[in-house]
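Q: Could you take a close look at one part of this model for me? I'd like to see it set against the rest of the chain.

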Amino acid sequence: MELWGVVPILVFGVLYIGAIAGIIAVVVIVLKRMKERNQYLRDIRDELRNQNRATIAENKE
């Protein structure tokens, strides 16, 4: 009978650990996508700056 008291604790403990691992995985994925998006936006910003500088240089001539 003592074993029946331990089994639910083990089962729910494993589920609890799995839930925590799942949450951590979601956070890591979201942070990775945010980093990729920020790099994409930086690339666009840099390209627009370069185009703006070229336009300003053309207008000065």
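What follows is a walk along the helix, with a stop at its nonpolar patch and another at its salt bridge.

Q: Which residues form the nonpolar patch on the surface, and where does G13 lie?

A: Bear in mind that this is a predicted model. Let's start with the setting. The protein has one helix and zero strands, and that helix, α1, takes in residues 2–60. The overall outline fits a single rod-like trace: along the principal axes, the C-alpha atoms span about 90 × 5 × 5 Å. The radius of gyration tells a similar story, at 27 Å, where a compact globule of 61 residues would come out near 10 Å.

Now for the patch. L3, W4, V6, V7, L10, V11, F12 and L15 make up a nonpolar patch on the surface, and together they have about 860 Å² of accessible area. Take V7 as one of them: it sits in helix α1. Its relative accessible area is 32%, and because the partly exposed class runs from 20% to 50%, V7 is partly exposed.

G13 also belongs to helix α1. With a relative accessibility of 26%, G13 counts as partly exposed too, because that value is not under the 20% cut-off for buried. Go a little further along and you reach I17, again in helix α1. I17 has 58% relative accessibility, so it counts as exposed, the cut-off being over 50%.

That fits the picture for the whole chain, where 0% of the 61 residues count as buried. In total the protein exposes about 6000 Å², and carbon and sulfur atoms supply 67% of that.

What about the rest of the rod? From G13 to R49 is 36 residues along the chain, and their C-alpha atoms are 54 Å apart. I17 and D46 are 29 residues apart in sequence, with 44 Å between their C-alpha atoms.

D46 is a good place to stop, since charges come into play here. Side chains of opposite charge can pair when their charged atoms come close. A search of the whole structure turns up one salt bridge, and D46 forms it with R45, with the closest N and O atoms 3.2 Å apart. Both partners still see solvent-accessible surface: D46 counts as partly exposed at 32% relative accessibility, and R45 counts as partly exposed at 39%.

As for charge overall, the protein has 9 positive and 7 negative charges, and the mean positions of the two sets are 4 Å apart.

Terms used: Residues are numbered from 1 along each chain as its sequence is written. This is a predicted model: local features need pLDDT of at least 70, side-chain atom pairs count only at pLDDT 80 or more; totals for chains, interfaces and linings use all residues. Side-chain values use heavy atoms; hydrogens and water are left out. Helices (H or I, at least four residues) and strands (E, at least two) are DSSP runs, numbered from the N terminus. The radius of gyration is taken over C-alpha atoms; the globule rule is 2.2 Å times the number of residues to the power 0.38. Buried means under 20% relative accessible area, exposed over 50%, partly exposed in between (1.4 Å probe, protein chains only). Accessible areas come from the Shrake-Rupley method with a 1.4 Å probe; for residues, only the protein chains shown count as cover. Lys and Arg count as positive and Asp and Glu as negative; His and the chain ends are not counted. The place of a charge is taken as NZ of Lys, CZ of Arg, CG of Asp or CD of Glu. Patches are made of residues with over 30% relative accessible area and no salt bridge: like charges are joined within 9 Å, nonpolar side chains (Val, Leu, Ile, Met, Phe, Trp, Tyr) within 5 Å. A salt bridge is a side-chain nitrogen of Lys or Arg within 4 Å of a carboxyl oxygen of Asp or Glu.
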